[in-house]
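Colleague: Please take a close look at one part of this model, the nonpolar core, and follow it out to the contacts around it. A connected account would suit me better than a list.

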Amino acid sequence: IAGFNAEQIDALKPKAIAGFNAEQIDALKPKAIAGFNAEQIAKATASALSALNKKQIKKMAPEAIAGLTKNHIIAINPKALKAINAEHISNLSTSVIRKMDNEQLEALPVESFAGLGSEQVKKLPKSFLNDINKDIVDVLTPEAVRGLRPTQITAFKPSAIASFNAMQVARLNPKTIKSFSSNQFQYLSSDSITGLQPKQLKKLSRDIFVDISSKQISSISPKSISAIRPRILNSLDNDQITGFTSLQLRSFSAKQVKKASSDFINALSKTQLVAFRTGSRSSRFIEEGIQAELIQLLGNTQEQGFL
């Protein structure tokens with residue numbers, strides 16, 4: 001067996017692979033390991049695959065990795081997993097990801113996490129996410145971040161939260177955003193805040209806005225600003241209100257304008273006030289209000305005409 005090459009391994013039937021033991025797997029050269037396919041790997045015993053080493057894993061085809069089962073992964077030495085790359089990871093089933101322990105997950109190279117998909121991320125344990133570092137967060141794709149569940153995000157330390165970028169934040173599930181603690185939210189960078197979407201902002205609690213900084217407020221996209229509930233806007237203090245840009249204020253919804261408290265309006269600077277009063281949506285709200293009054297007036301006039 002030690003003399004087998006990739007072509008010979010590829011020619012073996014899956015049933016034959018099922019008869020391999022740990023000593024035989026250990027004897028295979030890395031180049032021979034490259035001949036395995038997913039169907040063959042799926043038939044191998046967990047005890048046999050426990051002999052896989054780092055050099056062998058490195059040569060294993062990404063498609064072959066797809067054959068690993070949850071019973072297989074439990075048996076594989078964490079040291080061997082140090083050779084896994086992003087393509088390998090992308091081929092692992094969600095059931096395999098779910099069975100990996102912290103020692104195995106921590107052994108994975110940082111760059112390999114770029115291969116995770118959203119469904120795989122959903123299976124990552126909170127115990128691992130509690131110590132996830134910023135380097136791993138940096139390589140997660142926006143699509144992968146979309147898979148983070150509310151119960152998972154609560155495990156993230158502030159340093160990991162600080163590593164999110166705008167595209168990642170934009171893909172977070174609104175329910176996950178809702179689960180951010182006030183402390184976690186404070187660590188979102190100004191750049192990442194620009195990624196917040198209307199559906200996400202609607203989910204943010206009032207507690208989040210108690211500690212939100214003026215710099216974070218100024219980073220919210222004008223297209224998303226109209227999603228902030230009026231009662232939350234009215235709860236902001238003067239320092240926070242200074243963060244609103246003219247473009248944001250011009251983008252306020254009719255409801256936000258109508259329900260803006262006198263305290264909120266009085267806290268606006270002259271420049272902000274001009275933007276608040278002359279914004280396209282504000283103007284439209286005023287025009288709609290005038291039209292509504294005219295319609296009501298005409299209606300009353302017609303009624304009087306009938307009397």
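Modeller: A nonpolar core is taken here as a set of buried Ala, Val, Leu, Ile, Met, Phe, Trp, Tyr and Cys residues joined through side-chain atoms within 4.5 Å. The model is predicted. Its largest nonpolar core has 85 residues, and the members that touch the most others are Phe-156, Phe-164 and Phe-244. Helix 32, residues 270-278, gives the most to this core, with three residues.

Take Phe-156 to begin with. Residues up to four places away in sequence aside, Phe-156 touches Leu-129, Ile-132, Val-137, Leu-148, Ile-161, Phe-164 and Gln-184. Phe-164 is thus both a contact of Phe-156 and another of the three core members named above.

Next to Phe-156 in sequence is Lys-157, which forms a salt bridge with Asp-131; the closest N and O atoms are 3.2 Å apart. This pair links distant parts of the chain, 26 residues apart: Asp-131 sits in the loop between helix 14 (126-129) and helix 15 (134-139), and Lys-157 in the loop between helix 17 (150-153) and helix 18 (158-161). Asp-131 counts as partly exposed because its relative accessibility is 47%, and Lys-157 is likewise partly exposed, at 38%.

Phe-244, the remaining one of the three, belongs to a cluster in which ring pairs link Phe-244, Phe-252, Phe-264 and Phe-276. The whole structure holds eight aromatic pairs. In one of them, Phe-252 and Phe-276 are edge-to-face, with 6.1 Å from centre to centre and 85 degrees between the planes. Phe-252 lies in the loop between helix 29 (246-250) and helix 30 (254-258), whereas Phe-276 is in helix 32, so the pair links parts of the chain 24 residues apart. Both Phe-252 and Phe-276 are buried.

Phe-180 and Phe-185 make another aromatic pair: the ring centres are 6.4 Å apart and the planes stand at 85 degrees, so this pair is edge-to-face. Phe-180 and Phe-185 are both buried.

Back among the charged side chains, the whole structure has five salt bridges. Glu-143 takes part in one with Arg-146, at 2.7 Å between the closest N and O atoms, and in one with Arg-171, at 3.2 Å from N to O. Arg-171 lies in helix 19 (residues 166-171) and Glu-143 in helix 16 (residues 142-145), so the pair ties together parts 28 residues apart in sequence. Through shared partners, Glu-143, Arg-146 and Arg-171 join into one network.

Notes: Residues numbered from 1 in each chain as written. Predicted model: local features only at pLDDT ≥ 70, side-chain atom pairs only at ≥ 80, totals over all residues. Heavy atoms only, no water. Buried < 20%, exposed > 50% of the residue type's maximum accessible area, 1.4 Å probe, protein only. Helix = DSSP H or I, 4+ residues; strand = E, 2+ residues; numbered from the N terminus. Contact = heavy atoms within 4.5 Å. Phe/Tyr/Trp six-rings, centres within 6.5 Å; stacked < 30°, edge-to-face > 60°. Salt bridge = Lys/Arg side-chain N within 4 Å of Asp/Glu carboxyl O.
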